[in-house]
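Dear colleague,

Please find below the structure that I am handing over to you. My notes on its disulfides follow directly after it.

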Amino acid sequence: MTRRRFPVRAAALALVLAPLLLLTFPAAVPARATLPAAAVGPTAATLGCRLYFNDAGSGSSPTVWQDTFTLTQSPAAPKVGDTVTVTLTAQAGPDNGPVGLNAGDVPVNVTLALGGSLSGSATLRMSSYPARAVAPADPLGPITATGTYFAAAAGAATLTVGRVTFANASATTHCSAAGDRDHKAAPAPTSIVESITIGGTGTATPPPSPSASATPSPSASPSPSLPPSATDDPAPTATDEVDTPAQPFGPKSVKLNCKTLSSLSAWTATHTLSMSPSNPGRGAKVTVSLKFSAGPKSGPVAVGAGDLVPKATVKVGGVGSGTVNLTGPAYGAIGAYAALPGATLTGTYTTSQPGLVSLTVTNIVFDHAQVDTECNAGVDPVTGPEATSIVAKFTVKSRAATDDEGEGDGGGDGSLPTTGEGGVTALLLLWSSAVLVLGIGLVVVLPRRRGIPRS
């Protein structure tokens, strides 16, 4: 699946069109015979897909995904009051695009519509996909997404795969029935439908959710709480529990581009992106920490103590969404052409649904009241910003956050490392840099502030 031209490894679905084949259903069984396991497939089907940058807009780059699908449930013959586990498998998965993917880059979410005697929906998940690094144009590999529903009423019912979402951190792909449309806002039910019978009589009340009595600790910080997206389904049960080791980024050397007024330059430093706690429960306050070994070099004008503050924006992807704003301590006095010290920037946010979460640094700003310097992976970091390759991942567990996790302790020691590798950035050119020559007159222009508001 294609993502923007970020240094983050990213890819677009480049899929091959194939005819839609009819589903096969289990043969009828004689009365009193033992029912076979309820299942659909293996059956071939074709889905339509669109790519959504930052999971926004109406989608672009329409593609098709042809695969062999199987939909099963356990117990095979559920009764009223049962919690039923449903699994959707895809034999090959979609094909990778022109850029390789890392393992776990695209978690899979499947929306399952319940019909007949049942109502509502269920979500099936595969929190880490693909299972291995995948080269360009290769199949991403088999998919096994699992979730549950509650058998609330007896009678004939149906399970219909409505939409499959590949929740990439930079470019999400939504797929539904064959055809090109806005598969996120207007998905069409697929042909993957299982007809079942819920045994027993009457109706049953679903058991309380594990989160019913758990309320996230309120945060005094202005950092945002990330609610589940509008397309997500009810809170998962304990059967959705996942435990993927956290994947902090670095320490690793990263080259970024910076812009101050109209001046462009490169900045290379060692970056580390981490989170604490690394495997929290739902409703936990997570501290995100970005540490770099050295900043760029200052320009020809000295900077007073407290006038310059390093800040960063981190995009939350995977099962999460939104952004986290990180801030470091203000720098002391900085002389002209001096290398900025390294810094540790921190911020917090509150987790929501369980699954794999990705954290991508999209922008780093050296914030000054008069002139900002913006650094990211874009050729022009201001007019054409691009997310950096600084990406960390961790898993939110399906259990509710503990008291300790609610406090959000940890993440970054606030120290300032010694200076190291740094680019020659014309940082804070101030008066000397913004000049307009009008006829024979020389006008010094101080630009309006455009950076992240100072905290």
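In this predicted model, the torsion about the S-S bond of C49 and C175 is about 110°, so this disulfide is right-handed. The bond between C49 and C175 has an S to S distance of 2.1 Å. The two cysteines come from distant parts of the chain, 126 residues apart: C49 belongs to strand β1 (residues 39-53), and C175 to strand β8 (residues 171-177). As for their surroundings, C49 has a relative accessibility of 1% and therefore counts as buried, because the cut-off for buried is under 20%. C175 is buried as well, its relative accessible area being 0%.

A further disulfide is formed by C258 and C375, whose sulfur atoms lie 2.2 Å apart. Here the torsion about the S-S bond is about 110°, so the disulfide of C258 and C375 is right-handed. C258 is found in strand β10 (residues 249-260) and C375 in strand β18 (residues 373-376), so the pair ties together parts that are 117 residues apart in sequence. C258 is buried, with a relative accessible area of 0%, and C375 counts as buried at 0% relative accessibility.

How many disulfides does a search of the whole structure find? The search finds two. When the bonded cysteines of the protein chain are numbered in sequence order, their pairing reads 1-2, 3-4. As a general reminder, a disulfide is a covalent bond between the sulfur atoms of two cysteines.

Yours sincerely

Terms used: Residues numbered from 1 in each chain as written. Predicted model: local features only at pLDDT ≥ 70, side-chain atom pairs only at ≥ 80, totals over all residues. Heavy atoms only, no water. Disulfide = S-S within 2.5 Å. Helix = DSSP H or I, 4+ residues; strand = E, 2+ residues; numbered from the N terminus. Buried < 20%, exposed > 50% of the residue type's maximum accessible area, 1.4 Å probe, protein only.
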